[in-house]
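Let's take a look at one helix and one residue elsewhere in the chain. Keep the structure open while you read.

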Amino acid sequence: MERLPESVQNLRDQVALVTGASRGIGKAIALSLASEGAKVVVNYARSSEAADQIVSKIEAAGGSAIALQADVSQSEDVDTLISKTKEQLGRIDILVNNAGITRDTLLLRMKLEDWQAVINLNLTGVFLCTKAVSKLMLKQKSGRIINIASVAGLMGNPGQANYSAAKAGVIGFTKTIAKEMASRGVTVNAVAPGFIETDMTKEVKAEEILNYIPLGRYGKPEEIAGMVRFLAADPAAAYITGQVFNVDGGMVM
Ligand code: NAP
């Protein structure tokens, strides 16, 4: 992990909570924010070893991080996650709502539990974490909330009725909370990735998809992390709120 010299670190001593940071995009975001000097909470659901390895990597580069287990679709888990973060790191300046799952199938085959599992984590999880963290940010009169949506929430995707509904919901939620919190110095934005190389897209048939990506390739987790890192930066992104940024190789334009 590249760690910038302290003199140019943008997020020095800030505390960033990244949900679903044990793998994929969340992992890249955690490492990227840590390279800018942020103290990072690496949240995970099951992959405790992977989360510990990320913490070790950050510490080895001179940074600071802790791993905290929580199923962020569960209200009690979220409360514990936030109170442990406050206890151990004192504050939360940046919340990245990244944890997400898919349960893909066409509508007629979609079971209620496939619908509910995706909505519970990808939308209700964002509500629970944002609500809990917003109390601290409103008191501090500062904060950055960055929600990981998806191009599926903007353009739809066959087989992903649950997922696109949740991600479209995240976009509406982002805009509303941005309006509610703007006067208290908290910005709220969303990043909408296209197809990114992670465990989530391992099973997707690449050849068909590539026809829809003008840049002709999948994105890398680091390319989403770059946008998140920009949105967390002060003053670079201080005047941006309520926006959705597509990082998708040109899929949506
Ligand atoms: P991924 O590789 O499957 O990783 C998912 C992460 O979420 C893991 O760290 C996982 O933790 C965590 N997680 C799962 N259930 C959780 C729960 N109940 N509570 C807390 N954490 C939980 O996924 P990804 O591709 O990096 O996706 C990250 C985000 O980007 C998601 O919101 C996804 O919808 C969005 N996105 C991805 C793509 C893409 O092409 N990959 C495109 C658009 C949007 P464990 O390791 O402990 O299971």
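What follows is a short tour of helix H3 and then of glutamine 14, based on a predicted model.

## Helix H3, end to end

H3 covers residues 75–89, so to speak a run of 15 residues. From its first C-alpha to its last it reaches 21 Å, close to the 21 Å expected at 1.5 Å a residue.

Right after H3 comes glycine 90. The phi of this glycine is positive, near 90 degrees.

## Two sides of H3

Which residues of H3 are buried? They are Val78, Leu81, Ile82, Thr85 and Leu89. These residues sit on the same side of H3, because they cover an arc of only 90 degrees around the axis.

Now turn to the face that points away from that buried side: there you'll find the exposed residues Glu76 and Glu87.

And what covers the buried residues of H3? The cover includes three strands, E1 (15–18), E2 (39–44) and E3 (65–69), along with helix H4 (112–140).

## Over to glutamine 14

Glutamine 14 lies in the segment before E1, and E1 is one of the elements covering the buried residues of H3. Is glutamine 14 buried, partly exposed or exposed? With a relative accessible area of 21%, glutamine 14 is partly exposed, since buried would take a value under 20%.

Leaving aside residues up to four places away in sequence, glutamine 14 touches Ala38, Lys39, Asp93 and Ile94. Glycine 143 is 129 residues away from glutamine 14 along the chain, yet their C-alpha atoms are separated by 9.9 Å.

How values were computed. Residues numbered from 1 in each chain as written. Predicted model: local features only at pLDDT ≥ 70, side-chain atom pairs only at ≥ 80, totals over all residues. Heavy atoms only, no water. Helix = DSSP H or I, 4+ residues; strand = E, 2+ residues; numbered from the N terminus. Expected span 1.5 Å × (residues − 1). Buried < 20%, exposed > 50% of the residue type's maximum accessible area, 1.4 Å probe, protein only. Arc of directions from axis to C-beta. Contact = heavy atoms within 4.5 Å.
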